[in-house]
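Student: Please take me closely through one part of this structure. Pick a helix that packs on a sheet, then work outward from there.

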Amino acid sequence: MPQRSDLSQRGGEMKRVITGNQAVAYGVILSRVDVVSAYPITPQTTIVEELSELIASGRLKTKFLKVESEHSAMAALIGASTGGVRCFTATSSHGLAYMHEMLHWASGARLPIVMVNVNRAIGPPWNIWSDQSDSVSQRDTGWIQLYCENNQEVLDTIIQAYLIAETVKLPVMVVLDAFVLSHTAEPVEVPSIEEVDAFLPPFCADYAIDTQEPRAYSVITTPDYFMEFRYKIQKAMEEVPEVAKKVDDEFKARFGRGYGSIERYGKDEAEVLLMTSGTVTSTSRIVIKKLMEKGLSVAGVKMKRFRPFPSDEIYEVIQGAKKIAVIDRNLSAGVGGIFSQELRASLYLREQRPPVFGFVSGLGGRDITPELIEEAIQYTIENDRPKDEIVWLGLKR
Amino acid sequence: MERMRKIEIPIAENLGHGHLACAGCGAAVAMRLTLKALGEKTVMVFPASCWSIVPGFWPYSSYKITAVHAGFVTAAATASGVRAALDVRGENDTLVAVWAGDGGTFDIGIQALSGAAERNEDILYICNDNEGYMNTGTQRSSATPLMAWTTTTPVTQPKENPKKDIMAIMADHHIPYAATATIAYPEDLIRKLEKAKVIRGTRFIHLFSPCPPGWKMASEQTIKISRLAVRSRIFPLYEIENGRVYTIQEESRVVPVKGYLKLQGRFSHLSEKDIEITQKNVDDAWERLLRRARC
């Protein structure tokens with residue numbers, strides 16, 4: 001295990017070799033989270049272990065509720081966040097599915113909770129490896145979703161997530177791949193807590209519990225008003241692109257690292273674009289570089305933000321592309337990969353509507369190798385339109 | 001055994017006018033008394049139940065205290081989170097209470113309750129037991145008594161299982177305080193709440209509230225039925241400290257269960273033999289309680 005960072009020490013950034021899950025724990029501590037509530041599930045467990053150690057060391061005032069289920073973990077945070085303090089939890093897979101009801105509750109109550117989901121397949125068959133089906137299944141719960149490519153991005157995104165959540169008053173899910181990030185150590189710049197304090201002010205809730213001024217929270221609302229509450233959530237979601245950009249720009253100015261909601265890399269004015277999320281992007285960067293060197297007109301698009309769906313940002317970066325290939329490490333059975341479906345939907349009313357090739361690959365943690373990515377790009381180059389709604393990559397038939 | 005004491009009932013009214021409870025609702029009386037005892041410095045967490053409706057629709061509320069509506073499953077977990085936030089804020093002297101129904105306690109909420117009790121969360125959990133899912137139209141819960149009618153246990157196939165012993169379950173979590181109470185004995189109820197209020201850790205009040213529509217009883221007999229439940233030993237009044245020390249509040253005017261059953265339409269299909277079985281079960285449960293109290 002890498003050495004634990006003395007997060008209270010003064011001075012500039014420290015470079016550490018840490019796993020994705022440790023990066024999560026460091027991000028939580030640096031964000032001065034008041035209440036953590038969590039239940040263990042592979043591959044999230046080392047987050048709660050690391051947090052338990054850091055909190056037990058006594059240097060932090062964070063309260064850790066070791067509850068009896070994920071459902072209660074989110075419920076406890078709903079109580080704590082209503083009490084006006086900064087909250088965190090982490091889960092995976094079945095744990096996230098079990099929380100589902102409470103995810104709606106957190107966004108409906110407009111609570112800026114931040115949660116990490118370590119992507120893992122949902123069984124059966126039982127499987128503990130990386131698969132986005134858990135997080136994309138929660139896309140309609142009113143949570144902002146941010147996907148990460150490496151451990152540095154994980155740590156930085158958690159800090160950014162609190163600022164975004166507390167500005168728009170919506171919860172944020174930060175998503176990372178099982179094992180490829182969660183259990184893999186990488187060098188990570190760990191900022192000092194003073195630097196983070198200067199970036200992230202203390203949480204100040206507008207309507208925290210106050211017995212001097214009693215209020216009734218989350219109570220029954222008739223059809224006369226319910227829709228307006230939902231409209232306000234949509235409006236808050238619509239603020240996210242601008243808020244997230246401002247937060248990311250400010251972060252970049254202070255720490256020298258920014259991510260954007262969408263990142264385009266590779267050839268300018270490329271004919272074929274490859275859209276990915278999570279760690280598949282890192283592999284894709286190598287493939288795109290190699291294919292460009294061979295003279296192919298290709299570029300990559302990394303999708304960091306999935307909710308709210310970055311329609312405008314995507315449309316901006318795909319200008320001039322003839323075709324778009326999307327690799328989905330998730331499956332909505334009966335339709336296909338979710339990212340490709342949502343991209344198709346977002347392009348429907350646009351002037352430029354390049355065909356979207358939907359590739360499904362890597363389910364249940366199967367490696368999405370450079371060869372498979374190249375196969376996807378070749379298929380896209382060779383065909384005018386996808387021959388099937390879903391193109392399976394690396395499937396044993 | 002101890003005699004019940006007379007005490008003063010606080011004047012403060014923290015349940016306001018205009019609430020939507022049914023005529024003769026035992027729980028409305030119980031809530032009024034409870035809020036008197038708990039006072040203004042209270043955060044009440046209430047999961048889905050009749051009390052999702054009774055205080056009224058947004059933007060109005062009959063509660064004069066802070067109320068946090070919570071997911072059906074989550075009362076004890078949500079309360080744990082509120083407690084944690086208040087503790088972080090240094091407000092250790094603000095009471096965090098739960099008001100949940102028997103469905104939200106005996107059934108769907110028992111996991112969260114067991115978790116909170118095991119962690120000995122500093123919360124006062126009140127289970128308002130009306131022996132069924134009354135808000136959704138009287139379906140059976142695990143608090144519904146044996147042989148009772150509900151809309152999911154019709155008279156041709158009344159409830160086949162006895163009521164879950166929630167007090168024994170809570171006692172075996174070794175929480176500092178658990179007590180039974182009901183509205184026909186308001187001074188006993190207030191005394192227990194005031195006692196529970198100042199104890200730290202998980203406190204549990206099992207509050208028995210007659211429900212006129214659900215029990216098919218006359219709305220003016222709520223208090224009478226509450227009293228008969230205690231006198232017939234259907235619902236004895238007692239306290240358990242630290243899961244070990246039992247104190248039973250004496251009710252010397254003991255009556256057979258028949259009078260209690262006869263006032264309620266939900267038991268109208270019971271034969272004489274069924275009533276005898278009920279009497280035997282109640283007698284056995286009383287013996288079991290006495291045995292536990294002696295240990």
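Tutor: In this predicted model, take helix H11 of chain A, residues 338-347. H11(A) lies across four strands of chain A: S11, S12, S14 (323-328) and S15 (356-360). Its direction runs at about 145° to that of S14(A).

Now the sheet under that helix. It is open and has six strands, in the order S10-S12-S11-S14-S15-S16 of chain A. The pairing is mixed. S10 (262-266) and S16 (391-392) of chain A are the edge strands, and each pairs on one side only. Look inside the sheet at S11 (272-276) and S12 (298-303) of chain A. These two strands pair in the parallel sense, over five bridges. One residue pair to find there is A:Leu274 with its bridge partner in S12(A), A:Gly300.

Step back to the domains. Chain A is divided into domain 1, residues 14-255, and domain 2, residues 262-392. Their C-alpha centres lie 27 Å apart. Domain 1 of chain A puts 26 residues into the contact, and domain 2 of chain A puts in 22. On the domain 1 side, the elements giving two or more residues are helix H5 (133-136), strand S6 (144-147) and helix H8 (226-255) of chain A. H8(A) has the largest share of that side, with five residues. By class, the domain 1 side holds 14 nonpolar, seven polar and five charged residues.

Another packing in chain A is between two helices. H3 (70-82) and H4 (93-108) of chain A pack at an angle of about 25°, with their axes 7 Å apart. The two helices are therefore roughly parallel to each other. Their crossing is right-handed. From H3(A), the contact uses A:Glu70, A:His71, A:Met74, A:Ala75 and A:Ile78. From H4(A) come A:Gly95, A:Tyr98, A:Met99, A:Met102, A:Leu103, A:Trp105 and A:Ala106. Nine residues of this contact are nonpolar, two are polar and one is charged.

Next, cross to chain B. Here 39 residues of chain B are in contact with 35 residues of chain A. On the chain B side, at least two residues each come from strand S1 (42-47), strand S2 (66-70), helix H2 (75-88) and helix H4 (110-118) of chain B. H2(B) gives the most, with 11 residues. The chain B side divides into 20 nonpolar, 14 polar and five charged residues.

Strands also pair between the two chains. S9 of chain A, residues 216-217, pairs with S2(B) in the parallel sense over two bridges. A:Ala216 has B:Ala67 as its bridge partner. For A:Tyr217, the bridge partner in S2(B) is B:Val68.

That pairing belongs to an open sheet of nine strands. The order is S9(A)-S2(B)-S1(B)-S3(B)-S4(B)-S6(B)-S5(B)-S7(B)-S8(B), with mixed pairing. S9 of chain A and S8 (245-248) of chain B stand at the edges, each with a single partner strand, so one side of each is left without a neighbour in the sheet. A helix packs on this sheet too: H1 of chain B, residues 26-38. H1(B) touches S1, S3 (95-101), S4 (124-129) and S6 (203-208) of chain B. Its direction makes about 165° with that of S4(B).

Conventions. Residues are numbered from 1 along each chain as its sequence is written. Chains are lettered from A and ligands numbered from 1 in the order in which they are written. This is a predicted model: local features need pLDDT of at least 70, side-chain atom pairs count only at pLDDT 80 or more; totals for chains, interfaces and linings use all residues. Domain bounds come from an automatic or database domain assignment. Two residues are in contact if their C-beta atoms, placed from the backbone, lie within 7 Å. Ala, Val, Leu, Ile, Met, Phe, Trp, Tyr, Cys and Pro count as nonpolar, Asp, Glu, Lys and Arg as charged, and the others, Gly among them, as polar. Axes are lines fitted to C-alpha atoms, for helices over the stretch in contact, and angles run from 0 to 180 degrees between N-to-C directions. Angles under 35 degrees count as roughly parallel, over 145 as roughly antiparallel, 65 to 115 as roughly perpendicular and the rest as oblique. A crossing is left-handed if the near helix is turned anticlockwise from the far one by less than a right angle, and right-handed if clockwise. Two strands pair if DSSP finds at least two bridges between them.
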